[in-house]
Each structure stands twice: as C-alpha cells, then as structure tokens.
Amino acid sequence: MRRSHSWIPAIRDRARSERFRPYLLAIILVAALAFPYLDGNEGDIDAAANAFAYAMLALGLNIVVGFAGLLDLGYAAFFAIGAYTYGALSSYQIQPQWSSFWEPFQWLGLVKHLDAGGGIGTVHLDVSFWLMLPIAAVVAAFFGLLLGAPTLRLKGDYLAIVTLGFGEIVPIVARNTPYITNGAQGLSGVTTPKFFGYDFGVMSTPYYYLGLALIVLLIFISTRLKHSRVGRAWLAIREDEIGAEAMGVNRTKLKLLAFAIGASFAGVTGTFYVAKRQTASPEMFMFPVSIMILVMIVLGGIGSVAGVVVGALSLQLLQSWFLQDLTQWIHALGDLTGIVFLQKLELVQSIELIFGIILVVMMLYRRQGLIPERAAVKALTYEQQNAMPSRSAVEAGLVPLHRRTIDPGRPLLEIKGLAKSFGGIKAVDCIDLNVMPGAIVAIIGPNGSGKTTFFNLITGLIEPDGGHVRLAVTGLKPHRIVEKGIARTFQNLRLFSNMTLMENALVGAHTRTSTGAIGAVLRLPRVKREEAAARTRALEILGIFGNRLMPRLHHLAFSLSYANRRRLEIARAGVGACASFARRADGRHESNGDAGADGPDPVSARTWRDDPLDRAQARRGQRNRRQGDRARSRREDRRGHAQASSFKQGSAACLSWTNNRRRRSDRRRFLSSRTSTPTTASFTS
C-alpha cells in the first residue's frame, strides 16, 4: 500500500520545485484565459470577475497584515475611497457651472460641456478610467499615510481598534456628503471603461479579462516587493520591531510605506469595482467587507502571495457559486423529507457565520493556511547533522561595504560623561570610554551595575540624561545609529524567527543598501548588482562559522540550536560592515568547538515525512532534543561560563558586554589567560 502511494510525494515535490513553477503558472494562466469560452455563462463570468476584485483586495491587505504584521480591520475604507474617487469624477453627481476655467480640461477630454438650453450650462466630469487607476491609487495611498501616521506607536489590539474606527468613519462620511457621493442612495451612472474605442458596457467578459490583467500585475508587484530589501524589512518588523530597528530598519518609514502601498491596491480595486458595477453606495464598504478580506488571508496563508489569491478566490466563489446551488439542494431535500428547517435554510444569508467558522477552524488546525508562506526545506543529511564543528578561514581581503578610511591613531568611538538616572538611582554616572580602531573592549561589572543601561544608551534604545558620543549618535534613533556605524546583538536573542538564515543576514545589510519600493519592483541592473553584493557579503560572514551555519542557509531561524542562533545574530550584525560592533553576551559558551552545545540540528524533525510512524518518531526526537537543550542551558547558566566568539579584527571593532555570573577567582584566571592570545578577547565576570 505504501509503495502504491509513493508517487504522491514525488508529484508534490515536483510541483514545489523552482524548475516546475513557470510551467504551473503558465497552465493556470491559460486556464484562466480560456474560462469564459469554456463556461459561457455570464453569471459565472461575473462572479469570477468579482472574485478577482476581492483577490486584489486580499493582496493589498496582505502587504499590511502579512508582510508588515500590522492588523488592519478598516481596510474596506480604502476600497471605498478608490471607488468614490472614480465614481465622483466620472458620473453626473458633481456638476459645477461652466466657465472658461474648464476649457483646457475639455480640450484634454476630461470634462464635457452640458448645454442648458441657451444658458451657461454645467460641467460633466468624464475622466478616463485608465487615468483614474493610478490617480485613485495615489489618493488611497495618501489616506493610508493619514491613517498610518498617528498609529505608528500602536500595535496589536490597539492598532486594530483604531483602524476599525477609520473603517467605520469613511462610510459615515460618504453617507453624509450627498453633494459628492449622493448619500445613502449612492452614485449611479458611472462611466464604463473604453479601450481603443471599445466600450466595456454591461457585459461581464471584458471586466473578467481586465480583472485578470490587474491581478497579474498586483501579484507581480507583491512578489517583487516581498523578495527585496523592502520586503525583508517588513518581515523583520513583523517578527521583532526592536530587533529590526537595531539592524537599521526605519520602522516609521517602512510602516507608512506598507500602509500606503496596501491602500493603493485597494484604490485600484475600488476603481475597477465601481466601473464594473456602475454604482457605489456606502453599504458596499462596511465592516463585514474588511472581515471577509481578513478571513481570505488567513485561509490562504498569511504572508503568502499565492495563498491569499487562492483563499480569496475560494471564498468568493464559494459564496457566489456553491452556496447558492447547495441552498437549492437543501431546499429540495427539505421538500422531499418535509423538514421545515431545511426548507427555510438560507446559506447565502449566513455567509458571515460560515466565514467565522472557517476562521476558527484554520486557527485551530492549520494556522499556516492552505499555501504556507514558507515551504518545508530539505532535511540535513546524517553527516551534516553530526559533523564536527569547523570554521572557514577568514580571508584577509574581506572588504567592508562602508568605503571609509579610518585613522588608526584616533579613537573610533569616544564617550564623554554619559549619564542616566532612573528616579533616584544612578544607573550610569559620567562614564568615559575610548575605543580605538581594531580594538576589542569589554566592560565588566556585577549584576545591576549599569552595563546594560550603558549599552542601550550607546545604541539609542534609551535617551541619556547627559554626556555625548563622539560618533554623533546621542539623541538619534537606533536605525540612525546603525547608519553611523554601530551595530549590536542582544542579551536575549532577537532573531527573526520565521525568516531564513540568509534573510536574517541580509537584514543586517539594510543600511548599506538603498533600494526602495520602486526599484524593488522594476529591479533594474543597479538593483541586481546591489542585491548580489549584499548576498556575497552575507555568505562571506556566514562562512566564518563554517559548517555550523552554511548547510542551514535556507532553514528558519527558530529551528536552530541556541549556539547556532547566537552565531547567526553575531553574523547578522557583522554583515553591515559597521565601524563598531557591540555585543552583549549572556553567559553562553560561544566557542566553535563545543559540539555538545550544538548537537544535531532540530530542523530535521521539521521536515515532512510520508509515514505517520516516522512523523511520530520525529516528533519524539525533536521533543527529546529540546529537553536536552533546556537542561544543557540550565547547566551552563549555573556554571555561568561565557566566552565571546572571535571576530575578524580588521573588519570591526567590538564592544563585548558580559554579566557577572562567575566567581571572582574565575574572573582573574580567565583574564590572566587572555594575555596569551592578543588576537582574541573574551571577557567574563
């Protein structure tokens, strides 16, 4: 039996392979193009066109929720803004009095002069649909910025409540501005699109192909953005905002960009939808629309471009096609059996209940969605898991990206009189410190002596009460401090758990690259060269740690052992080629020779298996490895042994910070042994 089903995993692996993906996309596109000719039913084609509209909305909300991790419950407001922008400028709702001011616009074909029977006449706005697509996107993006600006400090439930309020305000405004939106009655007589003289009219087929073209375009933009510098910054913010900012990601700018781009998608969709419906009313953009779009994302897979499209199409076609037919079958069954409940059951009217059930079921049994954002990676071989730790040779020509000449005779980092108090407690009191280029400096002190506070003052996480830093970082935001040349690690690891090792390392190079959203979509040769240089740099730094990290480049960070996660965080900080590298150790042993602290990587247990017994055995092995790691960590904490990994002396100057977890005699013995190895400094206290 097992042999007879062995072809199923092979087909699944082939479908997921990069080589087969273009053929799969071509098959889907050909099927979509042929659908109107194969079906021929205008009702089905119209339902498919509506499904395309909701898929476009899901793609836009996926940028905000799936990429940047910002819960938006008022997304339908931007849908309404795009719809009313085109509807108001292409209908008879707004008719100002004619004057010479409108003559240039008449010559451009944007307005028409309506004669009033000998009077002055009025203006009929008749802006082209194709011109309004980008205009509506810009208008919606502007309102996205207005929503995002006051909510930058909010997250989680608080952000959701604010966006929910915005989503309720827009329909109320539309209902109470009849001179623009015609109030509750809604706009009517919206101009239909024309393409080289062909009027789309009321037939569904032209709108189907227009929706197909738009959704292909938005999928292309979403995919390009996700696999770019901007997309990695969004994912980093979603995983850990503090860690992202410590790597140089400007949270304010990137959050606003996510709101703006997501809103622009909704603006384009609103223009398409109102042109197809030729009417717009406030009831079309109420809160249930936002919830339905969110359910589509959860069903398809949060953060997955293909998943949100599949989820949107599935739910919309479920509502338009299957529920209506299923309701008729249930009514027929009720008539046959005489059951009154079945005769009166209306599934279409219970669509919100059905969406809620789908949301609960997905959260309980398949949180990653129908098409997960991350596909399972190939497990490490037995030899890779049990290989002795090794370190790749660090080439002398490892060139940093900052292109600056550093004077070896002047301090690289000069701190004067730095102070910080918390109430009546002085955590840092007038500290002076000079760090010379190529030096490795450590600060030693007992618990509660202010080491972490001093460290956070330098890296900008807290504001100092007095003093200054010579690199001009005092008072700057953490991402600006990284741009100045100071990178850091954390006592408690702040990796981006659901990103791969390579993506974590590339986030470290965020401040050393400059590609924006437009460059990420166009991907010009300059952008490709910049991306290739960043990847080369990341591979060079990750290669320092040898077979501990290199075989795991495409594995997710959460699947690593503690020692490898610490190595990855050090490598991520080093990828930026900063002038100063600050590391806060936490009492863990970081030598590359500790095979016991590493052990077989648990990622092998996360690989899909075919046999249930194999999966159960893998889960048991994974659970035993986690228990062993926790026990080993507790033993290491009790011993309090800490040793910082060596870093290339010419590449960065390091500030190594340690906690006081060893006895005074151990500290003297360790510091005395340090004098025999001048190229590597490890401090503990």
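Of the 685 residues of the protein chain, 50% count as buried, where buried means under 20% relative accessible area, exposed means over 50% and partly exposed lies in between, with a 1.4 Å probe and protein chains only. This is a predicted model, in which local features need pLDDT of at least 70 and side-chain atom pairs count only at pLDDT 80 or more, while totals for chains, interfaces and linings use all residues. Residues are numbered from 1 along each chain as its sequence is written, and side-chain values use heavy atoms, with hydrogens and water left out.

**Exercise 1. The chain as a whole**

State how many helices and strands the protein chain has, and describe its contacts and its accessible surface.

Solution. Begin with the secondary structure, which comes to 26 helices and 13 strands; helices (H or I, at least four residues) and strands (E, at least two) are DSSP runs, numbered from the N terminus. Next take the contacts, a contact being heavy atoms within 4.5 Å: among those between residues at least 6 apart in sequence, 76% join residues at least 24 apart. Finally, the accessible surface of the protein chain is about 32900 Å², and carbon and sulfur atoms account for 60% of it; such areas come from the Shrake-Rupley method with a 1.4 Å probe, and for residues only the protein chains shown count as cover.

**Exercise 2. Two residues and their surroundings**

For Thr269 and Gly576, find the element or loop that holds each residue, decide whether each is buried or exposed, and list contacts beyond the sequence neighbours.

Solution. Thr269 belongs to helix H12, which covers residues 251-277. Because its relative accessibility is 0%, Thr269 counts as buried. Once neighbours within four places in sequence are set aside, Thr269 is in contact with Ala53, Met56, Leu57 and Phe79.

Gly576, by contrast, is placed in the loop between helix H23 (562-575) and strand E12 (580-584). Its relative accessibility is 5%, so Gly576 counts as buried. Not counting residues up to four places away in sequence, Gly576 touches Gly508, Ala509 and Arg512. From C-alpha to C-alpha, Gly576 and Glu483 lie 9.2 Å apart in space, although 93 residues separate them in sequence.

**Exercise 3. A sheet and the helix on it**

Give the order of the strands in the sheet that contains E7, say how they pair, and place helix H18 against them.

Solution. The order is E8-E7-E10, three strands in an open sheet with antiparallel pairing; two strands pair if DSSP finds at least two bridges between them. The edge strands, each pairing on one side only, are E8 and strand E10 (466-469). On average, and with direction ignored, neighbouring strands of this sheet are turned by 20° against each other. Helix H18 (residues 451-459) packs on the sheet and touches E7 and E8, and its direction makes about 120° with that of E7; axes are lines fitted to C-alpha atoms, for helices over the stretch in contact, and angles run from 0 to 180 degrees between N-to-C directions.

Looking at one pairing in detail, strand E7 (residues 413-422) and E8 run antiparallel and are joined by seven bridges. In this pairing, Leu413 stands opposite Val435 in E8.

**Exercise 4. Positive phi**

What is phi of Cys430 and of Phe196, and where does each residue lie?

Solution. Recall that most residues other than glycine have a negative phi. Cys430, which is not a glycine, has a positive phi of about 55°, and it lies in strand E8 (residues 425-435). With a relative accessible area of 51%, Cys430 is exposed. Phe196 has a phi near 50°, again positive in a residue other than glycine, and its place is the loop between strand E4 (194-195) and strand E5 (198-199). At 79% relative accessibility, Phe196 counts as exposed.

**Exercise 5. Rings and charges**

Which residues form an aromatic cluster with Phe196, and which arginine lies over the face of Phe496?

Solution. The cluster consists of Tyr86, Phe129, Trp130, Phe195, Phe196, Tyr198, Phe200 and Tyr207. For the second part, Arg572 lies over the face of Phe496, at 4.7 Å from the ring centre; a charge sits over a ring if NZ of Lys or CZ of Arg is within 6 Å of the ring centre and within 35 degrees of the ring normal. Likewise, the charged end of Arg494 sits over the ring of Phe490, 5.5 Å from its centre.

Terms used:
Rings of Phe, Tyr and Trp (its six-membered ring) pair if their centres lie within 6.5 Å; planes under 30 degrees apart count as stacked, over 60 as edge-to-face and the rest as tilted.
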